[in-house]
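Please open the structure in a viewer and keep the sequence panel visible beside it. The stops below each begin with a selection and then describe what is found there.

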Amino acid sequence: MSAKSAISKEIFAPLDERMLGAVQVKRRTKKKIPFLATGGQGEYLTYICLSVTNKKPTQASITKVKQFEGSTSFVRRSQWMLEQLRQVNGIDPNRDSAEFDLLFENAFDQWVASTASEKSTFFQILHHTCQRYLTDRKPEFINCQSKIMGGNSILHSAADSVTSAVQKASQALNERGERLGRAEEKTEDMKNSAQQFAETAHKLAMKHKC
């Protein structure tokens, strides 16, 4: 089981929540945190997760989850409602970059994702979720590549793939229909020819009989 699948199962499923996406991150600028504040648990992996409740009305939230060194379990840390997100900064709109900033009402973090691709995927899901579940005061997305904001997102690509598959299937059915139609026409022509031949043969037979 992947880390993200385990997080979804351990952290969100018990609370009747559904994880939409997650990105593994590290801080770009390390905060000076007292040893006691971490419980003396040493190194850890950090994930920024986006989830929604299964119960209506749907509520979306962003949660910081950690996995400490030597442990197979995950720990829920900070959490913000999606409404508290004020700005998403992609840092550089002209190239693939793993760096990004998240600005909340009461917090600001500078992150670097494990890969630029993972960040891009998370941003696309985050942007779509904000558009779907937030009616007022949506967060500002700045310095983001156009593929995150526009029609080239993975969500649109998936929709395009489905549409393309449907069109191909429809075209195949049409072509099959045309082939069947041509076959039926040939069958009808052969039937008519056979009938004409039979009538001609009958006339000839009657003529010679007379």
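The tour passes from the whole chain to the sheet, the helices, the aromatic pairs and, at the end, individual backbone positions.

**The whole chain**

Begin with the complete chain in cartoon representation, bearing in mind that this is a predicted model. The secondary structure amounts to four helices and eight strands, and along the sequence these follow the pattern α-β-β-β-β-β-β-β-α-β-α-α. Of the 210 residues in the chain, 30% are buried. Switching to a surface representation displays an exposed area of about 13700 Å², of which carbon and sulfur atoms supply 52%. Among the contacts with a separation of 6 or more, 55% are between residues 24 or more positions apart.

**The sheet**

Next, select the strands alone. The eight strands form an open sheet with mixed pairing, in the order S4-S3-S2-S1-S7-S6-S5-S8. The edges are occupied by S4 and S8; each has a single partner strand, so one side of each is left without a neighbour in the sheet. On average, neighbouring strands of this sheet are turned by 30 degrees against each other, direction ignored.

Select residues 60–68 and 75–81, which are strands S3 and S4. These two strands run antiparallel and are joined by five bridges. Within this pairing, Thr 63 is placed opposite Gln 79 of S4. Six residues lie between the strands of this hairpin, and Gly 70 adopts a positive phi near 85 degrees there.

Then select residues 85–89 and 99–104 for strands S5 and S6. This pair is also antiparallel, with four bridges between the strands. Which residue of S6 is the bridge partner of Val 88? The partner is Leu 102.

**Two helices across the strands**

Add helix H1, residues 3–12, to the view. Helix H1 lies across S1 (17–27), S2 (44–53), S3 and S4, and it runs at about 125 degrees to S1. Now add helix H2, residues 116–133. The strands that H2 lies across are S1, S2, S3, S5, S6, S7 (108–113) and S8, and its angle to S1 is about 135 degrees.

**Aromatic pairs**

Show the side chains of Phe, Tyr and Trp. A pair of aromatic rings is described by the distance of the centres and the angle of the planes. The chain has four aromatic pairs. In one of them, the rings of Trp 80 and Phe 104 have centres 4.2 Å apart and planes at 10 degrees, so the pair is stacked. Trp 80 belongs to strand S4 and Phe 104 to strand S6, so this pair ties together parts that are 24 residues apart in sequence. Both Trp 80 and Phe 104 are buried.

Move on to Phe 100 and Phe 123, an edge-to-face pair with 5.4 Å centre to centre and 80 degrees between the planes. This pair links distant parts of the chain, with Phe 100 in strand S6 and Phe 123 in helix H2, 23 residues apart. Phe 100 and Phe 123 are both buried.

**The loop before H3**

Select Gln 145, in the loop between strand S8 (140–142) and helix H3 (146–149). Is Gln 145 buried or exposed? Its relative accessible area is 16%, which is under the 20% limit, so Gln 145 counts as buried. The side chain of Gln 145 reaches the backbone oxygen of Arg 95 at 3.4 Å. Leaving aside residues up to four places away in sequence, Gln 145 touches Asp 92, Pro 93, Asn 94, Arg 95 and Asp 96.

Asn 143 lies in the loop between S8 and H3 as well. Although Asn 143 is not a glycine, it has a positive phi of about 55 degrees. With a relative accessible area of 34%, Asn 143 is partly exposed.

**Further backbone positions**

Most residues other than glycine have a negative phi, and most peptide bonds are trans. Select Asp 16, in the loop between H1 and S1. Asp 16 is not a glycine, yet its phi is positive, at about 60 degrees. Its relative accessibility of 34% makes Asp 16 partly exposed.

For the last stop, select Lys 56 and Pro 57, which are joined by a cis peptide bond with omega of about -5 degrees. Pro 57 is placed in the loop between S2 and S3.

Conventions
Residues numbered from 1 in each chain as written. Predicted model: local features only at pLDDT ≥ 70, side-chain atom pairs only at ≥ 80, totals over all residues. Heavy atoms only, no water. Pairing = 2+ DSSP bridges. Buried < 20%, exposed > 50% of the residue type's maximum accessible area, 1.4 Å probe, protein only. Polar contact = N/O pair within 3.5 Å; in protein donor to acceptor, adjacent residues only side chain to side chain. Contact = heavy atoms within 4.5 Å. Axes fitted to C-alpha atoms, helices over the stretch in contact; angles between N-to-C directions. Areas by Shrake-Rupley, 256 points an atom, 1.4 Å probe, with all protein chains shown as cover. Phe/Tyr/Trp six-rings, centres within 6.5 Å; stacked < 30°, edge-to-face > 60°.
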